[in-house]
Amino acid sequence: MKNRIILLLTLCLSFICVDAEELKSGSSVEKEMYAEKVKNAFRKAWNAYKEYAWGLDAVNPISKKGHNWYAEPLLMTPIDAYSTMCIMGLEKEKKEAKELIFGRLNFDKDLEIQQFEIAIRIMGGLLSSYQLDGDLRFLQLAEDLAKRMMPVFESPTGMPYRLVNLRTGKVSGEVTNPCEIGSMLLEYGMLSKLTNKPEYYEKCKRGVVAVFERRAPKTNLVGTNINVETGEWTNKDAHIGACIDAYYEYLLKGWLLFGDKDLKNMWDICKKGITDYLSDECETGYWYGHADMETGERTRTVFGALDCFYGAVLCLDKDIKAAKKLQASINKMWNMYGLEPEAIDYTNMKVLAPYYMARPEAIEANYYLWHFTKDKQYYEMGKTMFDAIEKNCQIDNGYVQIKDVRTMEKWDTLESFFFAETLKYCYLYFAPKGAFSLDKCVLNTEAHPFFKTWKN
């Protein structure tokens, strides 16, 4: 009897040890557990959209309603979410989204839309969904949308107008920015490749080149706002944040996806300007600030959530050293309150904009470092970031944004990029082998994967 008890205790202890070993950080068991947690978060957020905002663009979980970007819906959330559903293997949710998209999506609407946002979210989402799913209707919808937006490129300089009416083709918004000029290049380029119609890429690239040619000769930097009719800069503030960010991102990603040497040359020149005049190493860390585009003189020491994208771009450019330095600063900003504020003064770490929009860029940059280095600190930070979203953005019936990271007061809205980007990047830390490979595609700025299925 005594021997049996000893044997039983020994067996129990051995099981405890095995379980502890299997659940250690980075183990397959832990990754499987976290992958399921992220999928459950997606399901919960999607169910909130289904219950309160079905057929609309986005959900407001607290008030139990939805909202649209314009007078009529364009199904922003289901289109943006679909590529993530494919990667996560969420078959039930995919079926629901497809039925909604093909049953209700119609671009023949008398709506003036912001071409850039619609291109990266909706056209990009449809193109990626076509590659992941194979249903030709996704590609047909993407091309219908592109044709309706093409009038934006008919400016005297070739740089696109900001706004276009989907039905009439009337354009407006002659003052725009580099981001809204260049960060549709992947989407129009993919459409050209998939339809064998080069004019989509050619017209978009013309605008990208036009911005580059108007860079400051001394610094090689671009400004924040430019007039597409006159070609004159209306705001010469240079930085890597909102209004400029994805212009730089797409120079490099366009080279990686399409092998366009012009883009590689433009990227190399722009990166040198960014490094020489915008990077800023101080007591608090390594950052990228603001400068006058013509003189290169520092104008502001502001770093924000959107600026974090640059860490991923540095990884793609194989500049791991700079990416690591930047990520140390990004993670410091995130850990100050448990979620990153929208913007800080990096010289004193003072919060300038306290809200958290559930943006993905900090998680994205950290993931790229984890992917390329396999340094465990980035895996651990990935867990920390997802756990913070679970803790602070989750409510009983969904997920929301945060008004102030210092108080964690809730903000009753959830935009589509939470599905397209934030949860996708969270999942990729823990995804099983074979579910997805970053090395086989280029992710657009909305995290929709584009696969090179052609020969140059």
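Select Lys325 and Tyr286: the charged end of Lys325 sits over the ring of Tyr286, 4.1 Å from its centre. The model on screen is a predicted one, and this pair is the starting point of the tour.

**Tyr286 and its ring partner**

Keep Tyr286 and add Tyr288. What is the geometry of the rings of Tyr286 and Tyr288? Their centres are 5.4 Å apart and their planes meet at 80°, so the pair counts as edge-to-face, since planes over 60 degrees apart fall in that class. Are Tyr286 and Tyr288 buried or exposed? Both are buried. The structure holds 31 aromatic pairs.

**Strands S10 and S11**

Now show strand S10 (residues 279-282) with S11; the two pair in the antiparallel sense over four bridges. S11 covers residues 285-288. Tyr288 comes up again here, as the bridge partner of Ser279. A hairpin of two residues joins S10 to S11.

**Helix H13**

Select residues 320-335, which make up helix H13. H13 has 16 residues and runs 22 Å from its first C-alpha to its last, close to the 22 Å expected at 1.5 Å a residue. Colour the buried residues of H13: Ala322, Ala323, Leu326, Gln327, Ser329, Ile330, Asn331, Met333 and Trp334. What covers the buried residues of H13? The cover includes strand S11, S14, helix H12 (309-316), S15, helix H14 (361-373) and helix H15 (376-393).

**The sheet S14-S15-S16**

Two of those covering elements, S14 and S15, lead to the next stop. They belong to an open sheet of three strands, in the order S14-S15-S16 and with antiparallel pairing. Strand S14 (302-304) and strand S16 (350-353) stand at the edges with a single partner strand each, so one side of each has no neighbour in the sheet. From one strand to the next, the twist averages 35°. To inspect one pairing, take S14 with strand S15 (residues 343-345), which pair in the antiparallel sense over three bridges. Within this pairing, Val302 has Asp345 in S15 as its bridge partner.

**The sheet S9-S12-S13**

Another open sheet has three strands in the order S9-S12-S13, and its pairing is antiparallel. Which strands stand at the edges? They are strand S9 (237-238) and strand S13 (298-300); each has a single partner strand, so one side of each is left without a neighbour in the sheet. Select S9 together with strand S12 (residues 290-292): this antiparallel pair is made over two bridges. The bridge partner of Asp237 in S12 is Asp292.

**Glu249 and Asp262**

Go to helix H10 (residues 245-258) and pick Glu249. Is Glu249 buried or exposed? Its relative accessible area is 3%, so Glu249 is buried, the limit being under 20%. Leaving aside residues up to four places away in sequence, Glu249 touches Phe309, Val313, Asn444 and Thr445.

For a contrasting acidic side chain, move to Asp262, in helix H11 (residues 261-277). Asp262 is partly exposed, with a relative accessible area of 43%. Draw a distance from Asp262 to Ile389: the two are 127 residues apart in sequence and 40 Å apart in space, C-alpha to C-alpha.

**The hairpin of S19 and S20**

Next, select strand S19 (residues 401-404) and strand S20 (residues 409-411), which pair in the antiparallel sense over three bridges. Ile402 has Lys410 in S20 as its bridge partner. Four residues lie between the strands of this hairpin, and Met408 takes a positive phi near 60°.

**Helix H2 and the aromatic cluster**

Select residues 28-53 for helix H2. Its 26 residues should span 38 Å at 1.5 Å a residue, and the end C-alpha atoms are 36 Å apart, which agrees. After H2 comes Gly55, with a positive phi near 85°.

Finish at Tyr34. The charged end of Lys37 sits over the ring of Tyr34, 4.6 Å from its centre. Which residues do ring pairs link into a cluster with Tyr34? Add Tyr367, Tyr368, Trp370, Phe372, Tyr379, Phe386, Tyr425, Tyr429 and Phe430 to the selection to show the cluster.

Technical notes
Residues numbered from 1 in each chain as written. Predicted model: local features only at pLDDT ≥ 70, side-chain atom pairs only at ≥ 80, totals over all residues. Heavy atoms only, no water. Pairing = 2+ DSSP bridges. Axes fitted to C-alpha atoms, helices over the stretch in contact; angles between N-to-C directions. Phe/Tyr/Trp six-rings, centres within 6.5 Å; stacked < 30°, edge-to-face > 60°. Buried < 20%, exposed > 50% of the residue type's maximum accessible area, 1.4 Å probe, protein only. Lys NZ or Arg CZ within 6 Å of the ring centre and 35° of its normal. Expected span 1.5 Å × (residues − 1). Contact = heavy atoms within 4.5 Å.
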